[in-house]
Amino acid sequence: MATALKNLSAYDPSKVPSAKGMKVAIVVAEWNEEITFALRDGAVNTFLKHGAKEGDIVVDYVPGTFELTAGARAFAQTREYNAIIVLGCVIQGETRHFDFICHGVTQGITQLNTQYDIPFIFGVLTTDDKQQALDRAGGKHGNKGDEAAVTAIKMIDLFKRTI
Ligand code: DLZ
């Protein structure tokens, strides 16, 4: 994990553009909901903090991290959003499911990023155990949801300036 030395909620707010007028969809995996709902709350609060309107943030749910790609694609097809964030948590278990799910969602979201003219933001925790996930869902290493929201705001701004 690359985040042990970086607090996921620590950033310079002066380098974050205003989120006013930005429309985002947040797709949340229900698997490990104790973690993923905390990521969701972090992402929503960060958008609001930077000026987004509550009505411009849509939150919806899929059963597990593997379904995040399909959920994100469904929202992309509406063409109503400036960015789509996916939030999930895969905890290493005894089975090879971990590898399959992580590989599936990273490939899926990467493909969506090349297929649509909006950014898809990867807010998926992949950890060895539950404590590492809690540490990154509002615990001692911050909140991956905050990081995902800040990334989305910066990427929407970049797309607005370029495309
Ligand atoms: C099956 C499964 C397992 C073992 N572990 C996780 C996990 O740690 N995190 C997660 O989000 N989902 C997990 N899933 C469910 C899969 O993502 C998916 O929902 C099912 O395989 C059905 O496609």
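In this predicted model, a polar side-chain atom of Asn-32 is found 3.5 Å from an oxygen atom of the ligand. An approach of this kind is also made by Trp-31, where an N or O atom of the side chain lies 3.4 Å from a ligand oxygen, and by Glu-67, where the separation between a polar side-chain atom and an oxygen of the ligand is 2.5 Å. Considered by itself, the ligand would expose 490 Å², and 73% of that area is buried by the protein.

The shell around the ligand includes, besides Trp-31, Asn-32 and Glu-67, the residues Gly-64, Thr-65, Phe-66, Cys-89, Val-90, Ile-91, His-97 and Ile-101. By character, these residues divide into 6 that are nonpolar, 4 that are polar and 1 that is charged. At least two residues of the shell come from each of strand S3, which spans 83-91, and helix H3, which spans 97-115; the largest contribution is that of S3, with 3 residues.

The space that the ligand takes up is the largest pocket, which holds about 270 Å³ of space. Its lining consists of 15 residues, and those nearest the centre of the pocket are Trp-31, Val-90, His-97, Phe-98 and Ile-101. The lining divides into 7 nonpolar residues, 7 polar residues and 1 charged residue. Strand S3 and helix H3 appear here as well, since each of them supplies at least two residues of the lining of this largest pocket.

How values were computed:
Residues are numbered from 1 along each chain as its sequence is written. This is a predicted model: local features need pLDDT of at least 70, side-chain atom pairs count only at pLDDT 80 or more; totals for chains, interfaces and linings use all residues. Side-chain values use heavy atoms; hydrogens and water are left out. A residue is near a molecule or strand if one of its heavy atoms lies within 4 Å of it. A polar contact is a pair of N or O atoms within 3.5 Å; within protein, one must be able to donate a hydrogen and the other to accept it, and residues adjacent in sequence count only if both atoms are side-chain atoms. Accessible areas come from the Shrake-Rupley method with a 1.4 Å probe; for residues, only the protein chains shown count as cover. On a 1 Å grid over the protein atoms alone, a cavity is a set of points where a 1.4 Å probe fits but cannot get out, and a pocket is an open set with protein on both sides within 12 Å along at least five of seven lines; lining residues have an atom within 4 Å of a point. A molecule sits in a cavity or pocket if more than half of its atoms lie within 2 Å of its grid points. Helices (H or I, at least four residues) and strands (E, at least two) are DSSP runs, numbered from the N terminus. Ala, Val, Leu, Ile, Met, Phe, Trp, Tyr, Cys and Pro count as nonpolar, Asp, Glu, Lys and Arg as charged, and the others, Gly among them, as polar. Grid points are joined across faces, edges and corners, and a volume is the space filled by probe spheres set on the points.
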